[in-house]
Amino acid sequence: MTTLTKTGPAGAAPMVRVRGLHKSFGRLEVLRGVDLDVPAGSVTVVLGPSGSGKSTLLRAINHLEKLDRGHVAIDGELIGYRRAGDRLYELKEREVLRQRTGIGFVFQNFNLFPHLTVLENLVEAPVAALRRPRAEARATALALLERVGLADKAAAYPRQLSGGQQQRVAIARALALEPKVLLFDEPTSALDPELVGEVLDVIKDLARSGTTMIVVTHEIGFAREVADTVVFMDGGVVVEQGPPAEVLDRPRQERTRAFLAKVL
Amino acid sequence: MTLTTDTAAARPRPAAAADHDHGHDLDLDELAGLRTVPARHPWRWAAGIAALVVLAQFAHGLATNPGWDWATFRVYFTADTILQAIGRTLELTAYGTVLGFLLGAGVAAMRLSRSAVLRSIAWAYVWVFRSIPLIVQLVFWFNLSYLYKRFGFGIPFGPTFGDFETVGVLGALGAAVLGLGLHQAAFAAEIIRGGIIAVDAGQREAAAALGIPRWRQARRIVLPQAMRGILPAAANEVISLLKGTSVVYVMAIGELFYQTQVIYGRTGRVVPLLMVATVWYVVLTTVLSIGQYYVERHFARGAQRTPPPTPLQRVRAFVHSLPDRTRPAARTSGGQS
């Protein structure tokens with residue numbers, strides 16, 4: 001299955017390119033020069049101890065976090081800046097918001113809008129950000145709910161759903177914009193153990209359909225099964241990356257080995 | 001009657017408890033057939049009765065003390081002058097609320113803005129207008145024409161296109177509305193800001209990640225959730241403004257309190273006319289409180305798994321349940337006697 005979604009056409013530019021990311025919060029350096037290439041249609045799983053900069057990397061890719069240094073490009077488009085001659089101009093918030101419609105983001109805590117029904121959660125962004133007609137957005141939303149197995153919950157409010165159901169709605173909400181890439185920030189960390197499976201199943205299904213994804217997670221089993229590339233981060237840098245069989249089973253770096261020994 | 005049978009049933013228990021309720025002998029299956037006797041609270045009853053007695057005494061005084069003069073109260077309660085004065089009070093409240101909350105929303109937005117200049121100005125506004133007592137401010141606005149005889153529109157520091165006599169534009173009513181509105185805006189701004197910052201940061205982040213435009217993020221995602229925090233405090237403000245309009249009597253505007261003063265100044269019947277004002281203020285506040293309940297309910301969408309019923313629904317459910325309630329009760333008492 002995973003071999004089908006490998007790298008895409010040979011020689012094609014990667015969907016996501018990250019170069020030399022640096023980010024500090026006060027005196028704490030969270031990212032210290034991160035480089036990453038994610039081929040179109042591939043699944044990249046980012047592992048690492050907490051505080052290693054995984055989430056910040058993800059948030060930097062869709063510019064929720066402004067960078068101190070470094071650049072991110074998605075599908076050949078620079079994120080957050082515009083180049084004119086030999087200068088980079090910071091984009092206005094409006095333009096950044098437009099760029100984000102191409103980048104789906106799934107949060108650890110779902111962040112569904114509690115005062116809107118499930119359907120309204122899915123319809124809001126396509127109508128507000130992409131100016132889709134409401135009827136069309138509703139039809140797409142219902143199809144997406146069908147896909148995550150929650151067609152019967154369209155009229156429910158998020159708090160009436162279980163954590164696993166809420167996260168599946170959040171995934172459908174991100175998909176409603178038909179993004180070029182999907183970013184998952186620990187999508188199962190806030191869930192009860194018995195609800196993790198249903199969310200991972202939805203993500204696996206997306207992986208099979210060739211969606212480009214970057215998934216920050218602690219689920220090693222999921223990484224082994226679904227990832228094309230596993231990236232191990234620690235201390236704000238990428239320590240090691242490669243196919244899961246290499247990074248997870250024959251890690252070259254001592255730090256990777258130490259981490260895996262603790263979580264496996 | 002049921003009380004005596006209860007105690008009779010309960011009395012043998014302490015003796016039995018020593019045998020059955022203890023250790024490994026406790027047979028839970030055996031308990032299934034036993035009757036449960038609720039705990040008794042004699043002191044709760046005593047305190048309740050004492051409070052009722054005091055209240056009854058007060059009510060008796062209200063009815064019998066001739067000083068209250070209910071006949072005069074009845075005459076003036078629905079008198080035309082009083083009703084007109086209520087209209088004026090409501091007018092002041094409405095204008096003050098609208099001006100106060102519009103301006104307050106603006107000031108709150110400025111305080112949350114990314115521009116340091118706007119933030120500072122908004123902070124200073126709140127600082128100044130929270131510091132000045134309402135009554136001082138009202139008198140100040142009333143005497144504005146001493147400071148500025150004429151009021152003009154034009155280019156700042158440049159030529160003016162037209163101007164007005166300050167006294168003409170800003171009459172007593174205008175000065176009152178301005179004073180109430182500006183005063184209210186400072187408090188409204190803080191209430192609105194408080195509601196907005198209480199909304200989980202993840203909500204704004206999710207909206208931003210979905211590319212929803214900033215204005216729409218505020219209107220569709222943040223504000224409806226902020227309203228839950230804003231409304232109780234805002235209702236407090238509207239109610240205190242309603243009563244605060246009585247301060248406007250210093251400007252001789254014919255609102256409720258001023259009008260009752262005029263009447264008791266003429267007739268000398270102070271207490272019944274104060275009661276006229278009091279009861280009307282209570283009535284108006286009650287109407288506002290009921291309104292508050294329904295507005296809050298509207299903004300509670302999705303906040304609870306199952307929304308609580310409205311009082312009306314509760315009453316209806318109670319009425320429907322009445323035949324069910326009386327029937328088993330009748331059966332048990334019949335069975336015991």
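Which helix of chain A holds R94(A)? R94(A) sits in helix α2, residues 93-100 of chain A; helices here are DSSP runs of H or I with at least four residues, strands are E runs with at least two, and both are numbered from the N terminus.

A word on ground rules. This is a predicted model, where local features need pLDDT of at least 70 and side-chain atom pairs count only at pLDDT 80 or more, while totals for chains, interfaces and linings use all residues. Residues are numbered from 1 along each chain as its sequence is written, chains are lettered from A and ligands numbered from 1 in written order, and side-chain values use heavy atoms, with hydrogens and water left out.

**Surface patches**

Back to R94(A): its relative accessibility is 72%, so R94(A) counts as exposed. The cut-offs are under 20% relative accessible area for buried, over 50% for exposed and partly exposed in between, with a 1.4 Å probe and protein chains only. R94(A) joins R82(A), K92(A) and R131(A) in a positively charged surface patch. Patch members have over 30% relative accessible area and no salt bridge, with like charges joined within 9 Å and nonpolar side chains (Val, Leu, Ile, Met, Phe, Trp, Tyr) within 5 Å. A salt bridge is a side-chain nitrogen of Lys or Arg within 4 Å of a carboxyl oxygen of Asp or Glu. Lys and Arg count as positive and Asp and Glu as negative, leaving out His and the chain ends; a charge is placed at NZ of Lys, CZ of Arg, CG of Asp or CD of Glu. Areas come from the Shrake-Rupley method with a 1.4 Å probe, and for residues only the protein chains shown count as cover.

Chain B has a nonpolar patch of about 360 Å² on its surface, made by I135(B), V136(B), V139(B), Y249(B) and V250(B). Y249(B) lies in the loop between α13 (214-244) and α14 (256-267) of chain B, and is partly exposed because its relative accessibility is 33%.

**Two threonines under cover**

That α13-α14 loop of chain B also holds T245(B), which is buried at 0% relative accessibility. Leaving out residues up to four places away in sequence, T245(B) touches T89(B), L92(B), T93(B), L180(B) and E255(B), where contact means heavy atoms within 4.5 Å.

Over in chain A, T229(A) belongs to strand β11, residues 229-234. T229(A) is buried too, with a relative accessibility of 19%. Beyond residues up to four places away in sequence, T229(A) is in contact with V43(A), T44(A), V45(A), Q241(A) and G242(A).

**Backbone oddities in chain A**

Most residues other than glycine have a negative phi. Here are two non-glycine residues that go the other way:

| Residue | Phi | Loop in chain A |
|---|---|---|
| N111(A) | about 50 degrees | between β8 (103-106) and α3 (118-130) |
| E186(A) | about 45 degrees | between β9 (181-185) and α6 (193-208) |

N111(A) is buried at 8% relative accessibility, and E186(A) is buried at 12%.

H63(A), just after α1(A), takes a positive phi of about 65 degrees. Helix α1 of chain A (residues 54-61) is itself mostly covered, with seven of its eight residues buried; among them are K54(A), L57(A), R59(A) and I61(A).

**Across chain A**

How far apart are the C-alpha atoms of E194(A) and R100(A)? They are separated by 32 Å, with these positions 94 residues apart along the chain. E194(A) lies in helix α6 of chain A, and is exposed with a relative accessible area of 62%.
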